[in-house]
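Thanks for making the time this morning. I would like to walk you through one model, beginning with a few places along the backbone and then turning to a pocket.

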Amino acid sequence: DTSCNPDTKMIVPLVLVSLLAGSAHSANPLPSYMEGVFVLKTSNGFDGYMKALGVNIFTRTIACALTPTATNGQTSNGDITIGTSSTFRTTNTKFRLNTAFQENTADGRTVSTTAELKGNRLVKTQEGNPTTVETREFVDGGQKMRLIHTIPSKPNVRSVRVYVRQ
């Protein structure tokens with residue numbers, strides 16, 4: 001007899017529903033190695049980057065002297081959260097991948113930002129005056145995060161800040 005067992009007819013749909021429900025709950029876009037708390041270890045070119053954005057010397061001096069903590073996470077509905085805190089300033093951003101959003105940058109610009117996941121990198125393109133790119137590159141199995149700031153219209157300006165997982 002080639003007919004299905006009645007119990008089997010019920011199990012298959014239940015398995016499919018379970019699989020679909022499970023994938024809906026695991027729809028978080030960030031890989032787990034990108035989540036967590038990271039502390040600044042080294043910084044190169046940050047003063048020049050801020051200067052190119054028109055940040056005053058007082059603010060640049062303070063910013064370069066700080067050791068900020070970066071916290072990357074995601075909510076259950078798939079929003080990505082990035083927080084940066086120091087004794088001088090705290091910033092928090094929440095967004096979805098591949099969806100433009102308005103962002104107020106730490107240097108005081110209001111930009112239209114779109115974030116993309118590209119392999120081991122989270123890339124935020126901030127369209128404004130000027131347009132800037134923030135790349136968070138995760139290396140050493142997520143133990144280090146390189147925060148790379150660039151200005152496409154000024155290819156000689158580049159900041160690389162290395163954070164280590166706390």
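**Backbone details and a pocket**

Let me begin with Pro 130, which sits in the loop that runs between β7, residues 121-127, and β8, residues 132-139. Please keep in mind throughout that this is a predicted model. In that loop, the peptide bond between Asn 129 and Pro 130 is cis, with an omega of about 0°.

Next come two residues that have a positive phi although neither of them is a glycine. For Asn 98 the angle is about 60°, and this residue belongs to the loop between β4, residues 90-95, and β5, residues 101-104. Is Asn 98 buried or exposed? Its relative accessible area is 55%, and because the cut-off for exposed is over 50%, Asn 98 counts as exposed.

The other residue is Asp 140, where phi is about 55°, and its place is the loop between β8 and β9, the latter covering residues 144-150. Asp 140 has a relative accessibility of 51%, so it too is classed as exposed.

Now to the pocket. How much volume does the largest pocket have? The computed value is about 660 Å³, and 35 residues line this pocket, with Phe 46, Thr 84, Thr 91, Ala 106 and Asp 107 being the closest to its centre. If we sort the lining by class, we find 15 nonpolar residues, 12 polar ones and eight that are charged.

Methods: Residues numbered from 1 in each chain as written. Predicted model: local features only at pLDDT ≥ 70, side-chain atom pairs only at ≥ 80, totals over all residues. Heavy atoms only, no water. 1 Å grid on protein atoms, 1.4 Å probe; cavity = no way out; pocket = protein on both sides within 12 Å on 5 of 7 lines; lining within 4 Å. Points joined across faces, edges and corners; volume = space filled by probe spheres on them. Nonpolar A, V, L, I, M, F, W, Y, C, P; charged D, E, K, R; others polar. Helix = DSSP H or I, 4+ residues; strand = E, 2+ residues; numbered from the N terminus. Buried < 20%, exposed > 50% of the residue type's maximum accessible area, 1.4 Å probe, protein only.
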